[in-house]
Amino acid sequence: MTSRTITVHHVRATLTGPRRLGIDTVPLLQSARIPPLLLGDAHARVSPEQFARLVTAVRQATRDEFLGLGHQPSRPGTFAMMCHASIGCPDLGTALRRATRFYGLFPGGPDLAVESTGPDAAFAVRSDLRALAEAPFVAECLVLVWHRVASWLIGRRIPLRWAEFAHPAPPYAGEYGLLFGCPVRCGAPRTRAGFDPRWLAAPVVRDEAGLAELLRRAPAGLLSRREYGTTVAEQVRHALARALREAAPQRRAARLPEVAQLAARLAVSPATLRRRLQEEGTSYRRLREQVLREAAVAGLAEGREPIAELAARLGFSQDTAFHRAFRRWTGTTPGAYRLLGGRERGQQS
């Protein structure tokens, strides 16, 4: 599965905590294989693997599961114990209430809640985050982790109906639809994300062995969105990403399925497929661009495949077309992106 790339704004936010604590951030970036010069390009992106390595490095350097961004540090192991307290519950509602009580035991921790709001239930962050550095990033992470842990507990992705944040729209607000999969409003009175309350009755299906795997993969398993196939857009993305994966071993040009082929696989007409994607706030063209962008960033970050071969494998008939597309996606050229990454690898060797 092709993973989704991460905006450089989130990389910058992750480094705010270490900077406040006087920790040199260059070694953290180097351990994640992220070129420090990329931080100066507002359009730059990194792979989920790079971002996960960075978050792990920052957690280790700060000794804080909140990455040095909270009112008080959260000691390593706190999140794991919260999960242990939740997996023995009979249903999701009970598990979430236990999780909120657990974090309520720690002064300075996030004030989380599950609330009823009209016809919806909602994950809510009741803490006042405005005084925090990188408040938007903290709010986003809390909602993401809250939602994804809940989905993990029941083994199914819980579709969000809406999300709202108390902070103003950040420069990367266009990412929100991809991150949360629902309409998002900024500048709201509070930070919350709504969902169908029937999910609260869903049984918890995870055990100790499953939790050990979750913790082994954290934070990557929580900060990257798992595809549960519950939306048409996710099914289309999965089919496009699979076509790229199948082409990779032979280093042949990928042939991404067109709308008509995807519609046939989903047993709908092309017009119905387009309409459903539009209802989900996306389109075939946008999903195709996202999958190609993420594969290009990942390929360049690994640094093994010649750029011309990578371009051909992604289905670009000419190098120039790939260069134009990559600059449009990231604000830099494939060669410049790889050169920066090569310099960092050279400095680490």
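**Exercise 1. The aromatic cluster**

Task: In this predicted model, determine which residues the ring pairs link into a cluster, and classify the geometry of the pair formed by Phe102 and Phe106 and of the pair formed by Tyr176 and Phe180.

Solution. Step 1: Phe165, Tyr172, Tyr176 and Phe180 are joined by ring pairs into a cluster, and the structure as a whole holds 11 aromatic pairs.

Step 2: For Phe102 and Phe106 the ring centres lie 5.4 Å apart and the planes stand at 55°, so this pair is tilted. The two partners differ in their surroundings, since Phe102 is buried with a relative accessible area of 16%, whereas Phe106 is partly exposed with a relative accessible area of 37%.

Step 3: Tyr176 and Phe180, with 5.7 Å from centre to centre and 70° between the planes, form an edge-to-face pair; the angle passes the cut-off, because planes over 60 degrees apart count as edge-to-face. Both residues belong to helix α8 (residues 176-180), where they are 4 residues apart, about one turn of the helix, and both are buried.

**Exercise 2. The sheet and its strand β4**

Task: Work out in what order the strands of the open sheet are arranged, and then describe how β4 is paired and covered.

Solution. Step 1: The open sheet is formed by 5 strands in the order β3-β4-β7-β5-β6, with mixed pairing. Its edge strands are β3 (112-117) and β6 (184-186), each of which pairs on one side only, and the twist averages 20° from one strand to the next.

Step 2: On one side of β4, 6 bridges join β3 to β4 in the antiparallel sense, and the bridge partner of Glu115 in β4 is Ala122. The hairpin of β3 and β4 has 2 residues between the strands, and Gly118 there takes a positive phi near 65°.

Step 3: β4 and β7 also run antiparallel and are joined by 5 bridges, with Phe123 standing opposite Ala193 in β7. A parallel pairing is found between β5 and β6, over 3 bridges, and in this part of the sheet Glu164 stands opposite Arg185 in β6.

Step 4: To assign the side chains of β4, recall that in a regular strand the side chains alternate between the two faces of the sheet. Accordingly, Asp120, Ala122 and Ala124 point one way from β4, while Ala121, Phe123 and Val125 point the other way, and all are buried. The strand is mostly covered, with 6 of its 6 residues buried, and helix α7 lies across β3, β4, β5 and β7 (191-195), running at about 135° to β4.

**Exercise 3. The salt-bridge network at Asp120**

Task: Identify which residues are linked with Asp120 in a network of salt bridges, and compare the burial of the partners in two of the contacts.

Solution. Step 1: The count comes to 15 salt bridges, and a network of them links Asp120, Arg161, Asp196 and Arg198.

Step 2: Arg161 forms a salt bridge with Asp120, whose closest N and O atoms are 2.3 Å apart. This contact joins distant parts of the chain, as Arg161 lies in strand β5 (residues 160-165) and Asp120 in strand β4 (residues 120-125), 41 residues apart. Asp120 is buried at a relative accessible area of 10%, while Arg161 is partly exposed at 38%.

Step 3: Asp196 and Arg198 meet through their side chains in a salt bridge of 2.8 Å, N to O. Asp196 counts as buried at 12% relative accessibility, whereas Arg198 is exposed, with a relative accessible area of 67%.

Step 4: For another salt bridge, take Arg293 and Glu294, whose side chains meet at 3.7 Å, N to O. Here Arg293 is buried with a relative accessible area of 12%, and Glu294 counts as buried at 1% relative accessibility.

**Exercise 4. The nonpolar core**

Task: Find which residues have the most contacts inside the largest nonpolar core, and list what Leu54 touches.

Solution. Step 1: As background, in soluble globular proteins nonpolar side chains tend to be buried together. The largest nonpolar core has 100 residues, and those with the most contacts inside it are Val11, Leu54, Leu273, Leu314 and Phe322. Helix α7 (residues 135-154) gives the most to this core, contributing 13 residues.

Step 2: If residues up to four places away in sequence are not counted, Leu54 touches Val11, Thr14, Leu15, Leu28, Leu29, Ala32 and Ile34.

Definitions and conventions: Residues numbered from 1 in each chain as written. Predicted model: local features only at pLDDT ≥ 70, side-chain atom pairs only at ≥ 80, totals over all residues. Heavy atoms only, no water. Salt bridge = Lys/Arg side-chain N within 4 Å of Asp/Glu carboxyl O. Buried < 20%, exposed > 50% of the residue type's maximum accessible area, 1.4 Å probe, protein only. Core = buried A, V, L, I, M, F, W, Y, C linked by side-chain atoms within 4.5 Å. Contact = heavy atoms within 4.5 Å. Phe/Tyr/Trp six-rings, centres within 6.5 Å; stacked < 30°, edge-to-face > 60°. Pairing = 2+ DSSP bridges. Axes fitted to C-alpha atoms, helices over the stretch in contact; angles between N-to-C directions.
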